[in-house]
Amino acid sequence: MSDAPAPEPRDPKPALVFDDPLSQQSSDDTDRGWGERPGADSDSAADLKRFLDEKPPHHI
């Protein structure tokens, strides 16, 4: 016979959910606009930094 320890119980698998996915609000379905950074200050230096960070390479 083997002296191997008994296997530990596994975590149960998450249950399948068959809800309508369109009835739930997604992260992009909010009033927060695209490109807004959380906690962004209305500082002109921060606006300039963001402009320079997001400027396409062909506009250098």
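These legends go with a set of close-up views of a predicted model.

**View 1. The whole chain, with its one helix.** Start by getting your bearings: the protein has one helix and zero strands. The chain has 60 residues, and 0% of them count as buried. About 6600 Å² of the protein is exposed, with carbon and sulfur atoms supplying 55% of that area. The helix is called α1, and it covers residues 44–54.

**View 2. A nonpolar patch made by L48, F51 and L52.** Here's a spot on the surface where three nonpolar residues come together: L48, F51 and L52. Taken together, they have about 320 Å² of accessible area. To find the patch, look for helix α1, which contains L48.

**View 3. K49 and D53 pair up in a salt bridge.** How many salt bridges does the structure hold? There are two, and this view shows the one between K49 and D53. The closest N and O atoms of K49 and D53 sit 2.9 Å apart. Both residues belong to helix α1, and they are four residues apart, so count along the helix for about one turn to get from one to the other. Is K49 buried or exposed? K49 counts as exposed because its relative accessibility is 52%, and the cut-off for exposed is over 50%. Its partner D53 has a relative accessible area of 45%, so D53 is partly exposed.

**View 4. R50 and E54 make another salt bridge.** Now for the side chains of R50 and E54, which meet in a salt bridge with an N to O distance of 3.3 Å. Where do these two residues lie? Both are in helix α1, four residues apart, about one turn of the helix. E54 is partly exposed because its relative accessible area is 45%. R50 is partly exposed too, with a relative accessible area of 30%. Neither value is under 20%, the cut-off for buried, or over 50%, the cut-off for exposed, and that's why both get the in-between label.

**View 5. S23 reaches back to D20.** Let's leave the helix for this one: S23 lies in the segment before α1. What does the side chain of S23 reach? It's the backbone oxygen of D20, at 2.7 Å. So look for the side chain on the S23 end of this contact, but the backbone on the D20 end. S23 has a relative accessible area of 58%, so S23 counts as exposed.

Key
Residues numbered from 1 in each chain as written. Predicted model: local features only at pLDDT ≥ 70, side-chain atom pairs only at ≥ 80, totals over all residues. Heavy atoms only, no water. Buried < 20%, exposed > 50% of the residue type's maximum accessible area, 1.4 Å probe, protein only. Areas by Shrake-Rupley, 256 points an atom, 1.4 Å probe, with all protein chains shown as cover. Patch = residues over 30% accessible without salt bridge, like charges linked within 9 Å, V, L, I, M, F, W, Y side chains within 5 Å. Salt bridge = Lys/Arg side-chain N within 4 Å of Asp/Glu carboxyl O. Polar contact = N/O pair within 3.5 Å; in protein donor to acceptor, adjacent residues only side chain to side chain.
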